[in-house]
Structure formats: structure tokens, C-alpha cells
Amino acid sequence: MKVIIDRFEGKYAVCETEEKKMINIDKSMVPSEATEGDVLDVDGNLIVLDTEMTMKRKKNISRLVDEIWE
């Protein structure tokens, strides 16, 4: 399952699932280099940072912002 880190609150990373539901993941389970907006691949207790998907999202968001300000 892919999730996007929305924010960090206390000991949790609050993440949005592909179904637009919010879930809490214990920060100790999240890769230490992960930040808000990053995509995580969650498979049971294995959670890894999906750097390729994260970069695609950030480029798409940047493109959309550029289009708004043109």
C-alpha cells in the first residue's frame, strides 16, 4: 500500500492512503530520512521510502503551481 506523509504529530506520522483515508504510523517505523510529502510503501511491518514516486509527485505539484502562476 502506498501512503503519503501529511504531517508528523507527536510520535506518529499522519499519512493519507490511496483511498484518501488518514492513518497513523509510529515514527519509529518510518525511515528517518522521510519528510512531509514523501511517499511510503507499506507492506505489513516493512515501510520503505519510495523515492521515485516522491520525485514524480513533487515534479507534478511544481508543474501545477507553475501553471497557476503563468
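**Salt bridges and surroundings in a small predicted model**

The protein I am showing today has one helix and five strands, and before going further I should say that what you see is a predicted model. If you read along the sequence, the elements follow the pattern β-β-β-β-β-α, so please keep that order in mind while we walk through the structure.

Let me begin with the overall picture. Taken along the principal axes, the C-alpha atoms fill a box of roughly 45 × 25 × 25 Å. The protein has 70 residues, and buried residues make up 26% of them. Its accessible surface comes to about 5100 Å², and 53% of that surface belongs to carbon and sulfur atoms. Among the contacts with a separation of 6 or more, 27% are between residues 24 or more positions apart.

Now to the charges. There are 11 positive and 16 negative side chains, and the centres of these two sets lie 1 Å apart.

How many salt bridges does a search of the whole structure find? It finds eight, and I will go through some of them.

One of them is formed by Arg7 and Asp6, whose closest N and O atoms are 2.4 Å apart. Arg7 counts as partly exposed, because its relative accessibility is 31%, and Asp6 is likewise partly exposed, at 37%.

Another salt bridge brings together the side chains of Lys20 and Glu16, with a distance of 4.0 Å from N to O. Here Lys20 is exposed, with a relative accessibility of 63%, whereas Glu16, at 26%, is partly exposed. Lys20 deserves a second look: this residue sits in the loop between β2 (12-17) and β3, and Lys20 has a positive phi of about 70° although it is not a glycine.

The next pair is Asp38 and Lys58, whose side chains meet in a salt bridge of 3.5 Å, again from N to O. Which parts of the protein does this pair tie together? Asp38 lies in the loop between β3 (22-26) and β4 (39-43), while Lys58 lies in helix α1 (residues 51-69), so the pair ties together parts that are 20 residues apart in sequence. Is Asp38 buried or exposed? Asp38 counts as buried because its relative accessibility is 5%, which is under the 20% cut-off, whereas Lys58, at 39%, is partly exposed.

There is also a network, in which salt bridges that share partners join Lys2, Asp41 and Asp50. Let us stay with Asp50, which is found in the loop between β5 (46-49) and α1. With a relative accessibility of 16%, Asp50 counts as buried. If we leave aside its neighbours within four places in sequence, Asp50 is in contact with Lys2, Val39 and Leu40, and Lys2 is a residue we have just met in the network.

Finally, I would like to turn to a residue without a charge, Phe8, which is found in strand β1 (residues 2-9). Phe8 is partly exposed, with a relative accessible area of 29%. What does Phe8 touch, not counting residues up to four places away in sequence? The residues that Phe8 touches are Ala13, Lys27, Ala34, Thr35 and Glu36. As a last distance, the C-alpha atoms of Phe8 and Ile25 are separated by 9.5 Å, and these two residues are 17 residues apart along the chain.

Terms used. Residues are numbered from 1 along each chain as its sequence is written. This is a predicted model: local features need pLDDT of at least 70, side-chain atom pairs count only at pLDDT 80 or more; totals for chains, interfaces and linings use all residues. Side-chain values use heavy atoms; hydrogens and water are left out. Buried means under 20% relative accessible area, exposed over 50%, partly exposed in between (1.4 Å probe, protein chains only). Helices (H or I, at least four residues) and strands (E, at least two) are DSSP runs, numbered from the N terminus. Contact means heavy atoms within 4.5 Å. Accessible areas come from the Shrake-Rupley method with a 1.4 Å probe; for residues, only the protein chains shown count as cover. Lys and Arg count as positive and Asp and Glu as negative; His and the chain ends are not counted. The place of a charge is taken as NZ of Lys, CZ of Arg, CG of Asp or CD of Glu.
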